[in-house]
Amino acid sequence: WQLNYQEAAIFLQEGENNDKFDTHPKDHNALPAYEVAHNMWFHLLDMVAAIMLLVLALCERPAVSFFSLPVGIHGSLEMLCLLILSLELGIRFKWVGWKAYFKHKRTVIKMLAVFIMLIESIVVLVRQTNHFRVTRSLRPLFLIHSYYCRGVRRITRQVLQSLPPIVDMIILLIFFMLIFSIFGFYLFSQVPNDVYFNNLQTSFVSLFVLLTTANFPDVMMPAYSANMFYSIFFIVYLSLELYFLMNLLLAVVYDTFSNLEKTKFQKLFFHKREGCQHAFKLLLNKQSPNKIQLKHFMGMMSHYHSSKSKRDTYLIFKSLNTSKTGSLSLEEFYSIYDMVDLNWKLKYSDQIWSSSFKKPFDKIFRAFNKLVNLKWFDYFIYLVIGVNFLWILIETIQLSDLKGYDFTASWTSIVFVCIYSVEVIIKLLGKGPLEYFTTGWDMFDFLVTVVSVIGVLGERFEGSFYYVIVLRPFRLLRLFKVKKRYRDVLGTLFVLFNKLTSLAIVIILVYYFFAIIGMEIFLGVNLKDCCKNTTVSDFYKYDNNSRFQGYYYLNNFDNILLSGVTLFELTVVNNWFIIMEGYASKVSEWTRVYFMLFYIVMMVVMNIIVAFVLESFLFRIQYRRQMKLADMDGKIFVFKVEVSLSEDELYMSESPVGNLTSHHIQTENQSTLQRQYSQPDLGVYVFKGERSRTKDDFSMRMYGDEVKVGTIS
């Protein structure tokens, strides 16, 4: 049975993690390899190796001077990391077998990347010098493949799945751009002093840049000076490409992304059910061919969630067993993913966290609890923040006319921050640390208050930390709690925080990919005084005696950090073409492909981010309307279950010796227990299980009927 319990737990883990079942251990002999590969420390080792490979870009040529290492050291570190990643691949081969191994595309890609990089690292160590290594740009694949970055992996997968309709729209954009390039060449190539349409290539590049508006109206002015009616060409082009097709691209991205979200949720729902079905079959026996008995459920949980106590596992079983038969049907077992992460504690009808304190402290803390639950308490704090806002505004206006400011904190700043600090202390004592630090808005208040305290303390250093003055306005962010629309915006931010973090990591990895390629192509290119006799030459002037320097020669790819800054400037778009023209002039006209490709990729990624935020915000609004909720704060984000235990059940589940039995569940008289809920002295204990709701929980409530019948489109 132990092997059955272990395999059933693996099926549930595969369902939860959305792992393909064809990577399930092929036989019992493969289970040890599976356990090693899914050990927490092994996952951590794999992720550390992937991160270290990325960080090596600081040490390799071209290195950041502070982090530079000899070739032998960084080459050896690279080989060590690649061997660790190879170990994971070898263990995976052991448990899945060669057929499933080579069917898994992500694993095959990782294997090829590791193999190529191992060969390159050996060459580097043998030659004791770095060579042209554009394959370093593939290192983010290892981080995406790691277990703890599965959120990043899901976002990446969604981006790739969204690409087909997006590529269609980009092709349409480029097609119209090419048509206008040909048209522009015939119209403006003979216009005197018009360098933007000399030939088809410059015409296309000029209109590509015009799509980003970075060179407008400069690109139009030579033609406009020759004939004012030439402006119609640019007006039509921008209206079609920028205001119609680009917005249509965003609409396509949003539609694709929102449909993918629903489809992904539906697939995950059925994938989890399939995992439950596989696990369910392994836990049946001849005495109970259609239902799981308690002892087999306990055995499976010892592998699936070994950290759960005996009592908590029994509470999970009882919460699943809604039929009160003492054994679980398949339909009941489907809910295990909802119940397994619940945190259980004894429910008290009128007690707070400090109820067990001795007198008079229990009365003092209860008074704090009543105070923080009063609406007038919140209104008073809002009034204080409003007055604080007016004071900061008046003080800033007065100081803006002065030439200097000593940056010492005024008595008003100290008073306001003291009020905020007292509020935090009262709420912390009234609600208790657990409730306070697990409530989104309370955490928001706490962080803003801490930042405000740091700002005031910084000001007291009489200029030593004068830059901390910028932290003062952060305390005003609490005003966003007043209006429901602002609460929706910030509430969406709280719900999306984990996914937004994954999106940020995806953007960083895209930057890393292009930064490595940029360093290999543009290493050592000096842009000082370049591009002479071109429209961008003034931006690259370098003269120690001149006050009018463009400083664009500072945009280089001399190391990974400088490359990141340059790529961020390109992302912002403003004057990005000046950087592109500088490298096109110094290196090759074909380098424009690199910059244009980066712009297109970032345009797609940024559109997907906008679509992601829009979808999540609109989902929140639609959920509130569909469920007829006045607001989505507090309790709506908590999933709760209550389970009652008799005295005998509690003793049985907490006793370190003896086996659990479902006899009490079978003989339980529910109606009698309900009458006893308010009478704890009769020997009935009510336990409350809670966990934070995820977006999947909200999606299930909104689309549950569609999902179960498979009608989501």
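**Close-up views of the predicted model**

**View A. Tyr552 is buried, because its relative accessible area is 15%, under the limit of 20%.** The structure shown here and in the views below is a predicted model. Phe522 and Phe595 are both buried as well. Tyr552 forms an aromatic pair with Phe539, in which the ring centres are 5.2 Å apart and the planes meet at 75°, an edge-to-face arrangement. Phe539 and Tyr552 both lie in the loop between helix 20 and helix 21 (560-572), so their pair ties together parts that are 13 residues apart in sequence. Phe539, for its part, has a relative accessibility of 29% and therefore counts as partly exposed.

**View B. Phe522 and Phe595 form a stacked aromatic pair.** A search of the whole structure finds 41 aromatic pairs. In the pair shown, the ring centres of Phe522 and Phe595 lie 5.6 Å apart and the ring planes are at 25°; because planes under 30 degrees apart count as stacked, the pair is assigned to that class. Phe522 belongs to helix 20 (residues 484-522) and Phe595 to helix 23 (residues 592-626), and the pair thereby links distant parts of the chain, 73 residues apart. Phe522 and Phe595 are also members of one aromatic cluster, together with Tyr511, Phe513, Phe514, Phe557, Tyr583, Tyr594 and Phe598.

**View C. The largest nonpolar core comprises 114 residues.** The members that touch the most others are Phe142, Phe234, Tyr540, Ile560, Leu567, Trp576 and Phe595. Helix 23 gives the most to this core, contributing 14 residues. With residues up to four places away in sequence left out, Trp576 touches Phe208, Val209, Thr212, Ala214, Glu569, Leu570 and Phe595. A second core, separate from this one, has 40 residues and includes Leu283, Met301, Val340 and Trp344.

**View D. Three strands form an open antiparallel sheet in the order 3-5-4.** Strand 3 (343-346) and strand 4 (638-646) are the edge strands, each of which pairs on one side only. On average, neighbouring strands of the sheet are turned by 25° against each other, direction ignored. Nine bridges join strand 4 and strand 5 (residues 684-692) in the antiparallel sense. Among the paired residues, Val638 has Ser692 of strand 5 as its bridge partner.

**View E. Helix 12 and helix 24 both touch strands of the sheet.** Helix 12 (residues 310-320) lies across strand 3, strand 4 and strand 5 and runs at about 100° to strand 4. Helix 24 (residues 647-654) packs on the sheet through contacts with strand 4 and strand 5. The direction of helix 24 makes about 105° with that of strand 4.

**View F. Charged side chains of Arg150 and Lys272 are placed over tyrosine rings.** The charged end of Arg150 sits over the ring of Tyr147, at 4.4 Å from the ring centre. Lys272 lies over the face of Tyr337, and here the distance to the ring centre is 5.3 Å.

**View G. Lys281 is an exposed residue of helix 10.** The helix spans residues 231-282. The relative accessibility of Lys281 is 62%, so the residue counts as exposed, a class that begins over 50%. Ile292 lies eleven residues from Lys281 along the chain, and the C-alpha atoms of Lys281 and Ile292 are separated by 8.9 Å.

Technical notes: Residues are numbered from 1 along each chain as its sequence is written. This is a predicted model: local features need pLDDT of at least 70, side-chain atom pairs count only at pLDDT 80 or more; totals for chains, interfaces and linings use all residues. Side-chain values use heavy atoms; hydrogens and water are left out. Two strands pair if DSSP finds at least two bridges between them. Helices (H or I, at least four residues) and strands (E, at least two) are DSSP runs, numbered from the N terminus. Axes are lines fitted to C-alpha atoms, for helices over the stretch in contact, and angles run from 0 to 180 degrees between N-to-C directions. Contact means heavy atoms within 4.5 Å. Rings of Phe, Tyr and Trp (its six-membered ring) pair if their centres lie within 6.5 Å; planes under 30 degrees apart count as stacked, over 60 as edge-to-face and the rest as tilted. Buried means under 20% relative accessible area, exposed over 50%, partly exposed in between (1.4 Å probe, protein chains only). A charge sits over a ring if NZ of Lys or CZ of Arg is within 6 Å of the ring centre and within 35 degrees of the ring normal. A nonpolar core is a set of buried Ala, Val, Leu, Ile, Met, Phe, Trp, Tyr and Cys residues joined through side-chain atoms within 4.5 Å.
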